[in-house]
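Opening the notebook on this one. I want to go through the core, the ligand site and any odd backbone angles.

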Amino acid sequence: MICVENISKSFNGRAVLRDVSLEMQEGETLAIIGRSGSGKSVLMKHAIGLLQPDKGRVLVDGIDIGRISYRELRTVRRQFGVLFQGGALFDSMSAFDNVAFPIRTFTDSTEQQVRDRVLRCLDLVNLSDVGTKRPSELSGGMIKRVALARAVALEPRYILYDEPTSGLDPHTSTTINNLIKGLADQLDVTSGER
Ligand SMILES: Nc1ncnc2c1ncn2[C@@H]1O[C@H](COP(=O)(O)OP(=O)(O)O)[C@@H](O)[C@H]1O
Ligand SMILES: [Mg+2]
């Protein structure tokens, strides 16, 4: 469970989050809706400890992530899959290597195991055939799907999506939404959708 408890955050004296609290239970899907600039991404970054609140705290499975070492924070973060706004793929890497990146970085998997897992993840987002392509050769919807495959590569318990369908046409948006819903059912993860 993720517990955001009364967090406040200001940048240069300007309050972005004011006394925000929310709870995300295991297996639950929660959507956060708000105007552009209202603090959705800032809130999401607090959930994985990329930003520290000025006040309040964030608990992940009971652990106050503001009071642990960087090493412990990395362990907590491993439970999260994050789909950043725009996908945030590594431009110089193929789709395959993008999905392989967290597996190679965070696990001791053999290249054969990496390969099996990457192909399975690309298959989950119906992109088995684009592994060799670089992000510049992919459409916006494909980039989001590769980013989605990368987000689930380590079998996270929680997935955070930052505007997963912004900038996509309605048809592609529906595909992404269905994938997100399908992934939540298949992987039994907790989804935070923004
Ligand atoms: N690292 C930062 N430094 C200063 N201001 C920031 C930073 N991150 C976000 N902000 C500001 O916080 C506000 C909320 O941003 P954000 O959470 O990205 O909005 P959105 O709801 O569109 O995701 C915006 O005014 C943005 O300029
Ligand atoms: Mg945002």
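I started with the largest nonpolar core, which has 37 residues. Val99, Ala149, Val152 and Leu160 have the most contacts inside it. I then listed the elements that give two or more residues to this core: the strands β1 (2-11), β4 (55-60), β6 (80-83) and β7 (158-161), plus the helices α1, α3 (95-106), α4 (111-124) and α5 (140-151). Keeping in mind that this is a predicted model, I checked the domains next.

The protein splits into domain 1 (1-77) and domain 2 (80-194). Their C-alpha centres lie 23 Å apart. Which domains does the core draw on? At least three of its residues come from each of domain 1 and domain 2.

Next entry: helix α1. I looked up its burial and found Leu43, Met44, His46 and Ala47 buried in this helix, which runs over residues 40-47. Why do they end up on the same side of α1? They cover an arc of only 155° around the axis, so they share one side of the helix. Just past α1 I noted glycine 49, with a positive phi near 75°.

Then the ligand. I listed what surrounds ligand 1: Phe11, Val16, Gly34, Ser36, Gly37, Ser38, Gly39, Lys40, Ser41 and Val42. Which element gives the largest share of this shell? That is α1, with 3 residues. Sorted by type, the shell around ligand 1 has 6 polar residues, 3 nonpolar and 1 charged. So I have α1 down twice in my notes, once for giving two or more residues to the core and once for its share of the ligand shell.

Last, the backbone oddities. Most residues other than glycine have a negative phi, so I wanted the exceptions.

Asparagine 12 is one of them, with a positive phi of about 50°. I found asparagine 12 in the loop between β1 and β2 (14-24). Is asparagine 12 buried or exposed? It is exposed, because just 4 other C-beta atoms lie within 10 Å, and 12 or fewer is the cut-off for that label.

Glutamate 163 also goes on the list, since its phi is positive at about 45° and it is not a glycine. Its place is in the loop between β7 and α6 (170-187). I counted 18 C-beta neighbours inside 10 Å for glutamate 163, so it goes down as partly exposed. Buried would have needed 20 or more.

Methods: Residues are numbered from 1 along each chain as its sequence is written. Chains are lettered from A and ligands numbered from 1 in the order in which they are written. This is a predicted model: local features need pLDDT of at least 70, side-chain atom pairs count only at pLDDT 80 or more; totals for chains, interfaces and linings use all residues. Domain bounds come from an automatic or database domain assignment. Helices (H or I, at least four residues) and strands (E, at least two) are DSSP runs, numbered from the N terminus. The arc is that of the directions from the helix axis to the C-beta atoms. A nonpolar core is a set of buried Ala, Val, Leu, Ile, Met, Phe, Trp, Tyr and Cys residues joined through C-beta atoms within 7 Å. A residue is near a molecule or strand if its C-beta atom, placed from the backbone, lies within 6 Å of it. Ala, Val, Leu, Ile, Met, Phe, Trp, Tyr, Cys and Pro count as nonpolar, Asp, Glu, Lys and Arg as charged, and the others, Gly among them, as polar.
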